[in-house]
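Student: Got a minute to go through the side-chain contacts with me? Show me the model and start with the terms.

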Amino acid sequence: MTKQYHDNVLPGEALDQIFRDARTYNGWLDKPVSQDQIEAIYDLMKMAPTSANMQPGRFVWVTSHEQKDRLAELASDGNKDKVRAAPVTVIIGYDIDFHEELPWLFPHTDAKSWFEGDEEGRKEGAFRNSALQGAYLILAARSIGLDCGPMSGVDLDGVTKEFFADQPRVKADWICSIGYGDKTTIFDRSPRPDFAKFNTVV
């Protein structure tokens, strides 16, 4: 049962769907994901918080059989079939020159100047905040009734060359399959640590 800390808490069923009952899927039902669903995921995730509203994430939504095969060839052996079977696999990348968009994304101050001439700082910011955006992508997909299978077993240099060739300042970071998960392919819920194990309140 969900503890009612305040009036605006999501109902327990929603928290179950997004967190407690959700799983990482290794297999997929033969059921498509529509363009409308893809755009709905993005429209949710783009509203989630990042540092200075930066949007360094760059996303390639791989849906065609040809492009799935292309991506699968760059995945580890254990991930090839997952990529081919999923309705959609998203490539999550990050743009090192994200700061060029800050004048309109964060117009309250001259945030672009914070990053000019500091490529290492931009790489750090892009890597961290695109990872946040990828996590929001998973939560958004789950919130509209889809399942996810994030994967890091992929040749990232190869993916960067193959899928971001026209964006030379973008680097691939990880991939995530999205669709309707085949419940026969999931493992039993692994244990999770209780609060006291990894948390300190000071």
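Tutor: Accessibility first: buried means under 20% relative accessible area, exposed means over 50%, and partly exposed lies in between (1.4 Å probe, protein chains only). This is a predicted model, where local features need pLDDT of at least 70, side-chain atom pairs count only at pLDDT 80 or more, and totals for chains, interfaces and linings use all residues. Residues are numbered from 1 along each chain as its sequence is written, and side-chain values use heavy atoms, with hydrogens and water left out.

Student: OK, so is Arg 70 buried or exposed?

Tutor: Arg 70 counts as partly exposed, because its relative accessibility is 31%.

Student: And what does Arg 70 form a salt bridge with?

Tutor: With Glu 162; the closest N and O atoms are 2.9 Å apart. A salt bridge here is a side-chain nitrogen of Lys or Arg within 4 Å of a carboxyl oxygen of Asp or Glu.

Student: Where do the two sit?

Tutor: Arg 70 is in helix α3 (residues 65–72) and Glu 162 in helix α8 (residues 156–163). They are 92 residues apart, so the pair links distant parts of the chain. Helices (H or I, at least four residues) and strands (E, at least two) are DSSP runs, numbered from the N terminus. Glu 162 is partly exposed too, at 36%.

Student: Which ring does the charged end of Arg 70 sit over?

Tutor: That of Phe 163, 4.4 Å from the ring centre. The test is NZ of Lys or CZ of Arg within 6 Å of the ring centre and within 35 degrees of the ring normal. The charged end of Lys 31 sits over Tyr 180 in this way, at 4.1 Å from the centre.

Student: New topic. How many aromatic pairs are there?

Tutor: Five. Rings of Phe, Tyr and Trp (its six-membered ring) pair if their centres lie within 6.5 Å; planes under 30 degrees apart are stacked, over 60 edge-to-face, the rest tilted. One of the pairs is Tyr 94 with Phe 127: edge-to-face, 5.9 Å between centres, 85° between planes.

Student: What does that pair tie together?

Tutor: Parts 33 residues apart in sequence, because Tyr 94 lies in strand β2 (residues 88–95) and Phe 127 in helix α7 (residues 119–143). Tyr 94 is buried at 14%, while Phe 127 is partly exposed at 43%.

Student: Back to salt bridges. How many does the structure hold?

Tutor: 15. Among them is Arg 128 with Glu 124, 2.8 Å from N to O. Those two are four residues apart in helix α7, so about one helical turn separates them.
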